[in-house]
Structures are given as structure tokens and as C-alpha cells.
Amino acid sequence: MRPHLLALSLTLALGLAGPAFAQSGATPPTQPALTALTKDSGTPMPAEQKRVHFDHAELHIAVHPDTQSIDGKATLSFSALAPTDVLLLDLDRNLPVSAVGVDGKALPAGAWSNPDGRLRIQLPHAVAKGGKVSATITYGGKPHVAKKAPWDGGFVWSHTKDGQPWVGSAVEGEGCDLFWPCVDQPDGKPDLLDLYVTVPKPLVAPGNGVFVGVTEQGDTRTYHWRAKHPTTYAVSINVGPYRELKGEYRSRYGNTIPLYYWYLPGEEAQARALFAEFPRMLDFFEAKIGPYPWGDEKMGVVETPYEGMEHQTINAYGNHYAKDGNGFDWLLQHEFSHEWFGNQMTNANWDDMWLHEGFATLMQPLYARHLNGDAAYYAWLNRLRMMIANRHPVVSGQPRTEEAVYDDSRGGPGQDIYNKGALMLQTLHHLIGDQAFYDSIRELVYGRPDPKPGNFVPQYRSTADYMRIVNRVTGKDYDWFFKVYLYQAALPKLDAQRHGDTLDLRWEAPAKLPFPMPVDVQVDDAVHTVPMTDGHGSLAVPAGALVTIDPHSVLLRDEPRITEFQQWMQQQRRERKAAKP
């Protein structure tokens, strides 16, 4: 999600120039404002939406690059969890609805309304608990245009170097309702999606899931894709004059996974080099976490006119094949992480979004160490540490919208869900050990300790779920750990005082919370672990001995050297800004 935040920070930390985005460069056309409801993804779910389970979405979307518009027809099927006489869906009101039918019968115009982005359909007859109902919505118009996707959501209407249409959608922040009628909630996934995308010839439309077929009619062609349990914002539109690379990965779990990459003409050498990264990434994740969740569909990547997004089985890639010395494409690897942390395991509420981004961010230094050793690992962790802000808690404990999590002015943790989340997990890894750490991840992601292809289903998870899993796997109570790192803004401080031949250590946790975190201390060539049972501990240290606290850099804590660096960087930015004419 929101790879730009991580990209921007890595760009600053590495001293590199910002990415050259492949959009047209033109100012987006004037467009109607989004309603507050449409602009925010994950507002409180109304009671009417809780009455139904989303069984199937059949979407027919015709994309018209020449007019930057779409025509849509969505047939949505539901099972009633409770009696209901209404269907409530989310759809941008700037895509006018021209017709609605229920169970194949047209409704009069007065039976539906969409004043604020929530489409209300009055059913002709109440549906009993356990009953089925389907609605067909015909709509269309000019979908919201993203000014700079994926910073903000919408469609990107661009062109390739030779002037051919190049279109992509990226709607994580604002949600699926920017281009199809949906339940705009993390847990609003349909069980099954059939996506039909109609485009002008000779354009190609890669999509989520399995390719079912293509049909042609006159000057257009329609691509049919089918996907199971797609994350709502991960349903995507991709249109361009694509070329295709394909192959297979023979999994360590015995299954064979199709591999696909859609790229633009003229980039074959670069595309093949990127495609060669797919198998080794898959092998790393399957070895560390477990089976690729969508192995019976595909691992797919498509080049996009914006930086990237974790669109399920068709990840958006717009990193321009950049090199950064790590030996792998960081954006490709980050988005691919979300197939596990985001698509297979989805946060129950946006307040728990660190479950997506913290784990996905940690996978990058771990992958760097796998490929290049400890130097790459610690260099990456050090960059992440320099970017932690600590202005707001990572988790508020209250339901939140997606944008509120990113917005500092609304108390959101912003990029700390990436960097602080990852470093907190690295500290946890050291605390509970390798076996318990990865066992807890598998339980979180798959809902079971022994995942194999076909024996697991997608999971909705909260921070509290993960806390319970860690406690169960370890047989110990680690709530104190999460309460300090996730529910407090400030980091714990470690006070170290040397008195004669004794080193005294004391944790100072925010809100004076308990924090019995053991501390490793290296004295000359020997490493000692100080228990810190009550937040305090001491160690005998001979006079003249060289002492290093936390020699392997596993403790996430307040460190004056980093605060001083961050303050200096802020001052540098202010001075540069003031010097501009």
C-alpha cells in the first residue's frame, strides 16, 4: 500500500533523485469534488451493509481512453445474514446510475438514490435470513482522476512514449467506490469476482486472478478475468499496448504457479531482468512465511503509469527498473509482500494497517540479508530507524478510515506504520526467537500453523488478534511489549549509568508502563543478557572495560543521536526553503 511513502523516504535517505513518473504531465481536468463519504475509505459500516454477505461481483467495464470515461454494469449477489429490505452500496455519485434491477427485474427510478456516494436500493420484497438477492447497476461517466497516483486515488489517463493510451486505476485511499459499486470496507470482499474489461483494439487489459478468455466485437475486445476473495481496493483496471512475459514457478509445496509480467513495447531487456526476480522472491516468501496464497491463480505484475500498488495477483509496478544497489527491485518486492500481508491477511479495520505495512516493510531488510548478507540488512534497518516520527501511536484502538491513518493532522501515525512497525517486529523477533516469530506470522496470515495449498482461507485480523497469537505461541504474556510500542507515541528510553564496577540500566517507558525488556550488553569480547524483570537491571563491569549496549542493534528505543539528526535535517529543509526565490 501507498508505496510512495516508503519510496520517498528511501529516496531522501539514499540521496537519490525522485522517481520520474510516466504520467502525461498535464494538469488533471477540472472534475466534480468527491463527497466526504467517497473520499474516505472505511467509514463506519451502516447496519444495512452488515445484514448481507457479498457472494459475487460481476463487473462489466468499458474503458474509453479518448474521452477518459467508463461505462459500467455491475451485477452483485448477496446472501442475507439477517432479514433485509434494502441494499446499501458505495459508489461515487459522479458516476450517474441510469438503471437498477433486482433479481433480473428492472426497478422504477424512485427505488434507488445516491445523494452522497452511498447507493440505496429499496428491494421490491424483503429477503429473509439465508435468502439470496442480486442487484444489477448500470452506471458510467468520468471516474475521478488521480492527480498523482497512488498519493491520491483515481484513474490515471496517460500515454506511452509513442502516444498510445496507457490507463491504470489506483484507489487504495479513497476506495473501490471510485469506479464500481462495492462495500468500501476492508472486510467488504466478494467471495468471487468476474471482471470484464472492454478496450479499443489493439490495447490489452490485464486483470486480477485467472484469465478466462477474450472476445472481439468490431473495434473493441473484452477481457474476462476471475478472482477469488479480491481485496476491495485491489480490484484494478489496467489498459495499454502491453507485451507479455510468462513462465512457471515450481513451488516447494508441490504446486506450480503461473508467472506473468505485462510491460510496454521497447523494454524487453529490462522486463526480462525484472521477470527473472519473480521466482527467487516467491521462494523466499514461501520459505519464510508459507505458500503463495493465490497459487491456483497467478503471480502477476503489470507496468503502470504510476509508482505501484498491491493489486491482488496483478501488482502495479512503475519503478522504471531503477537500480539502488540492493540487487533487487525494492518496489516490486514490497508490493509482492502484500499478497501475504494485505490480500491474504487483511486488517479488520484501517486502524490496524500496520499489519500490512509493518510486516511488508520488514520483509525488505530480511530479503536483502538473504541475498547480500548482514551489511545490507543492517544498512536497511538503519535507514528505517532514521525515519521514525513518533508523533502519534501506531494504533489508536478506535475504528479509523484509511486516510485518517495517514493524516498527521488527524492524529494518524502516517509512515510509522511502515518503519516503526517493521523495527518493532524486528525487536519482537529477537525477544521471542526465530521459531516463535515465524510460527506467529503463519498463524496470523493463514489461521493455522501448517498451511499448504488449498487448506487455508483469507483472514481478517486486528492488532488484538496478533497479540493473542504471540501470547499463545510463546506461552507468555507479551501485552506489555505491544502496549508500549503500538499504543504509545513515544519510544521507551534506556537510561544507563556506570557506578564504579557496576552498570545500572533502567527502562523509562511512556506513561510509566511496565517494560521488562531484556538488554544485551557487550563487555570487551563477551555478550551478557541483563534480564530487566522490573524494568531495571545491573551488570558487573570491570574498570577499563569497553562496554557496548545492544551490540546487535535489536532494541527499538529512544536514541539522542537520531533525534539530533532528525532535527538537523528539518533545519536543513527549512533553510533550503527559505533560500528559494
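A disulfide is a pair of cysteine sulfur atoms within 2.5 Å. The model is predicted, with local features needing pLDDT of at least 70 and side-chain atom pairs counting only at pLDDT 80 or more, whereas totals for chains, interfaces and linings use all residues. Residues are numbered from 1 along each chain as its sequence is written, and side-chain values use heavy atoms, leaving out hydrogens and water.

**Exercise 1.** Find the disulfide of this structure and describe its geometry and burial.

*Solution.* The structure holds one disulfide, and the cysteines that it joins are 176 and 182, with an S to S distance of 2.1 Å. Turning to the S-S bond, the angle about it is 90° and the link of cysteine 176 and cysteine 182 is right-handed. Both cysteine 176 and cysteine 182 are buried, a term that means under 20% relative accessible area, with exposed over 50% and partly exposed in between (1.4 Å probe, protein chains only).

**Exercise 2.** Follow strand 4 to its pairing partners and name bridged residues.

*Solution.* Strands (E, at least two residues) are DSSP runs, numbered from the N terminus, as are helices (H or I, at least four), and two strands pair if DSSP finds at least two bridges between them. Strand 4 (residues 97-102) pairs with strand 8 (residues 132-141) in the antiparallel sense over five bridges, and here glycine 101 has threonine 136 of strand 8 as its bridge partner. Strand 4 also pairs with strand 5 (residues 105-106), again in the antiparallel sense, over two bridges, where valine 102 is bridged to lysine 105. Two residues lie between the strands of this hairpin, in which aspartate 103 takes a positive phi near 50°.
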